[in-house]
Structures are given as C-alpha cells and as structure tokens.
Amino acid sequence: MSARIDLHTHSNESDGTDTPLELLNKVAEAEIDRFALTDHDSIAGWQQIKDLVPSGIELVIGAEVSCQTVDALSVHMLGFLFDPENKALIDSMNETRGNRITRMERIVGRLQEAGIDISVEDVYAEVSEGATIGRPHLADAMIRKGIVRERGEAFERFLHNRSKFYIPDASPTPEEAIRLIKEAGGVAVIAHPFASLRGRIISSDYLESLIDAGLDGIEIHHRDHSEGERDQLLALVRRYALLVTGGSDYHGKGKVNRLGENLTELSQWEKISERATGYTKGA
Ligand code: AMP
Ligand code: ZN
Ligand code: FE
Ligand code: FE
C-alpha cells in the first residue's frame, strides 16, 4: 500500500488561488490520502474544511509561520498538529497577518515612488476576505493592471527578495516560532531552508542552532531544493536524527507546483504524529 502524503499546500486563505474546498476536491483527484493545509500564518482554511473531509483522506492541521532572523532573513516554519486553540500561537499569527498589511503598504509606496501605477486598493481587490496578504497578491494586481503577465514575471522583475522594493515581514524569529509551535503541542519543521534560488538563505551553522532550539525536522523534498542542497540537508538529518518531510507547496494557479509532486514518507509521518501532543484527533 502506498501512502501519498503532501504536507505543504496553500489555499486562498493565504496566497493560493483555490478555496479550501476546491483544494480538498483536487487532493481527492490527485489520489493523495493525507495532506496538510499550511497557509501562511493562518488556520482559517483548516477551520472551513475540517468537517467536510471525505473518508479515505486525512486533513492535517498545519500552518507555515513566517519568521525573520535578526539579520532580516525570511524563514518559513511549518507547524503540524498543534492545538488550534493555543492562544500564544494563534495571537502571534494574527499579529503577523496585521504586520503584513503595513508591510504591503510600504512595498506599494516604493513601487509608486518608482513610477509604477499600482495602489494598495488594487492589491486588496486580489485578496479574499480575512486572508493572509502577501507579495503574490501584489503580483496578481500587477497582472490585472497589465504591468506583468503572470506571478513569476512580477517576482522576477519587481518582487524578489533582492529587489529594492522588497521589505521583509515583521514576524517572530525562527527560534520563537519553534517555541510557539512546540508549546502548542505541535511539531516544527523548517520549510525549504536551503532553497537558494529564492534568495539569500540561512547558513548550516544557523540551521544547527535551530536544531539546538528544538527544531523537529526539515522539509527536504521541495521543488526549490537542488540535488546538492538535498544532500547537504540529508547529512544534517542523519547527524541529528531529525524528521524529514516533503510537500508540493501547491498554490493553485499561482505557481507551477502540482499537488503531490513531493511527498512525505509514511514512516516520517508516523513519527510526526507520535511526537505531537497538541492535536490528537484520529491518532
Ligand atoms: P510573502 O509571503 O509576501 O513574502 O511572499 C512569499 C510568497 O511568494 C511565497 O508563498 C512564495 O510561494 C511566493 N513566491 C515566491 N516567488 C514566486 C514566484 N516566482 N512565482 C510565484 N510565487 C512566488
Ligand atoms: Zn505562498
Ligand atoms: Fe514557504
Ligand atoms: Fe508555502
């Protein structure tokens, strides 16, 4: 029996383009039997579909927590199986969502100063109500205005992490995110840590310091990791006996990533669910 487990997906409760229900239908079509909805800084999508999941599919509660190092590097921390009512974690994600609005206003301001015809209202028009706002929505607004043709082009020309328009989002440090996730009974897995094509990445030394801080695992199987980056990470996993996950990072039409294109091994999933104490329904 093969298990198809995709532990990294997004809905339009953050910057994916499918509603959570559409995502659920596509998961069924893709013959995935377990998936985590890991919207940026939000569990709103999980709340919408948790009671609608058909038999044969398991929905894992998750989130991709935005973090920033003291050197202003962006880090994404996946949390799985935490308590959805843990106040500290939920409050922190709510605060980050609020900060993302101010940050968006500043990025748009920089674009305007450069003479680009875009407003915050244009961006808000692309965000579903209550969703976590991010650069992909700004990209969508640029598409609608005819400035670019697709999200990828917007990132290449204006929105990438090394761009003069880029501003990191104000969010907890990775160490804080690990603590918040684990104190909520969850499991903390760093997302695509060595994906160098996205921009500046953390060093191996820093990653090892996060392991000291309680990091449970590493998302290795992700399209943005090269073979060499996967090998480096596998060496760390062996040295420190860490968990390994994989996921598609599916964003609907917003990215080429296809559901199930990267998967998590069943044995790794079993370790995650054994370790978690926050959300134990169905365990
Ligand atoms: P933000 O959360 O505002 O920092 O934006 C980061 C999001 O943009 C991540 O979810 C990425 O998946 C998405 N992203 C980054 N690069 C691209 C790209 N080239 N095309 C589409 N989406 C991208
Ligand atoms: Zn995203
Ligand atoms: Fe990410
Ligand atoms: Fe993601």
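What follows is a chat about the metal sites, cores and a few residues of this predicted model.

Visitor: Before we start, what kind of model is this, and how are residues numbered?
Guide: It's a predicted model, where local features need pLDDT of at least 70, side-chain atom pairs count only at pLDDT 80 or more, and totals for chains, interfaces and linings use all residues. Residues are numbered from 1 along each chain as its sequence is written, chains are lettered from A and ligands numbered from 1 in the order in which they are written, and side-chain values use heavy atoms, with hydrogens and water left out.

Visitor: OK, metals. Which residues hold the zinc ion (ligand 2)?
Guide: Its protein donors are Asp15, listed twice through OD, plus His40 (NE2) and His251 (NE2), lying 2.1 to 2.4 Å from the zinc ion. Donors here are N, O and S atoms within 2.8 Å of the metal (3.2 Å for Na, K and Ca); water is not among the atoms, so sites may look incomplete.

Visitor: How are those donor residues spaced in sequence?
Guide: The pattern for the zinc ion (ligand 2) is D-x24-H-x210-H. Aspartate 15 sits in the loop between strand S1 (5-9) and helix H1 (20-29), while histidine 251 is in the loop between strand S7 (243-246) and helix H10 (266-275), 236 residues apart. Helices (H or I, at least four residues) and strands (E, at least two) are DSSP runs, numbered from the N terminus.

Visitor: Are aspartate 15 and histidine 251 buried or exposed?
Guide: Both are buried. Buried means under 20% relative accessible area, exposed over 50%, and partly exposed in between (1.4 Å probe, protein chains only).

Visitor: And what are the donors of the iron ion (ligand 4)?
Guide: His8 (NE2), His10 (NE2), Glu64 (OE) and Asp249 (OD), at 2.1 to 2.2 Å from that iron ion. The iron ion (ligand 4) is separated from the zinc ion (ligand 2) by 4.5 Å.

Visitor: What geometry does the site of the iron ion (ligand 4) have?
Guide: Irregular, with angles of 77 to 162 degrees among the 4 donor atoms. For the cut-offs: four donors count as tetrahedral if all angles lie between 85 and 135 degrees; four count as square planar and six as octahedral if opposite donors are over 155 degrees apart and all others between 65 and 115; anything else is irregular.

Visitor: What about the iron ion (ligand 3), which donors are there?
Guide: Glu64 (OE), His76 (ND1) and His192 (NE2), 2.0 to 2.2 Å away from the iron ion (ligand 3). Glu64 is also among the donors of the iron ion (ligand 4). The iron ion (ligand 3) and the zinc ion (ligand 2) are 5.8 Å apart.

Visitor: Where do glutamate 64 and histidine 76 sit?
Guide: Glutamate 64 is in strand S3 and histidine 76 in strand S4 (residues 74-80), 12 residues apart. Glutamate 64 is buried at a relative accessible area of 1%, and histidine 76 is buried too, at 14%.

Visitor: And histidine 192, what's its phi?
Guide: Positive, about 30 degrees, although histidine 192 is not a glycine. Most residues other than glycine have a negative phi. Histidine 192 lies in the loop between strand S5 (187-190) and helix H8 (204-212), and counts as buried at 7% relative accessibility.

Visitor: Changing topic: how many residues are in the largest nonpolar core?
Guide: It has 59 residues, and Phe35 and Met77 have the most contacts inside it. Strand S3 (residues 58-68) gives the most to this core, with 6 residues. A nonpolar core is a set of buried Ala, Val, Leu, Ile, Met, Phe, Trp, Tyr and Cys residues joined through side-chain atoms within 4.5 Å.

Visitor: What does phenylalanine 35 touch, beyond its neighbours within four places in sequence?
Guide: Its contacts (heavy atoms within 4.5 Å) include Leu23, Val27, Ile49 and Leu59. There's also a second, separate core of 21 residues, which includes Met104, Val127, Ala139 and Ala141.

Visitor: Last one: at what angle do H5 and H6 pack?
Guide: Helix H5 (residues 135-144) and helix H6 (residues 151-159) pack at about 105 degrees, with their axes 9 Å apart. Axes are lines fitted to C-alpha atoms, for helices over the stretch in contact, and angles run from 0 to 180 degrees between N-to-C directions. H5 and H6 are therefore roughly perpendicular to each other: angles under 35 degrees count as roughly parallel, over 145 as roughly antiparallel, 65 to 115 as roughly perpendicular and the rest as oblique. Among the residues that meet are Leu138 and Met142 in H5, and Phe155 and Phe158 in H6.
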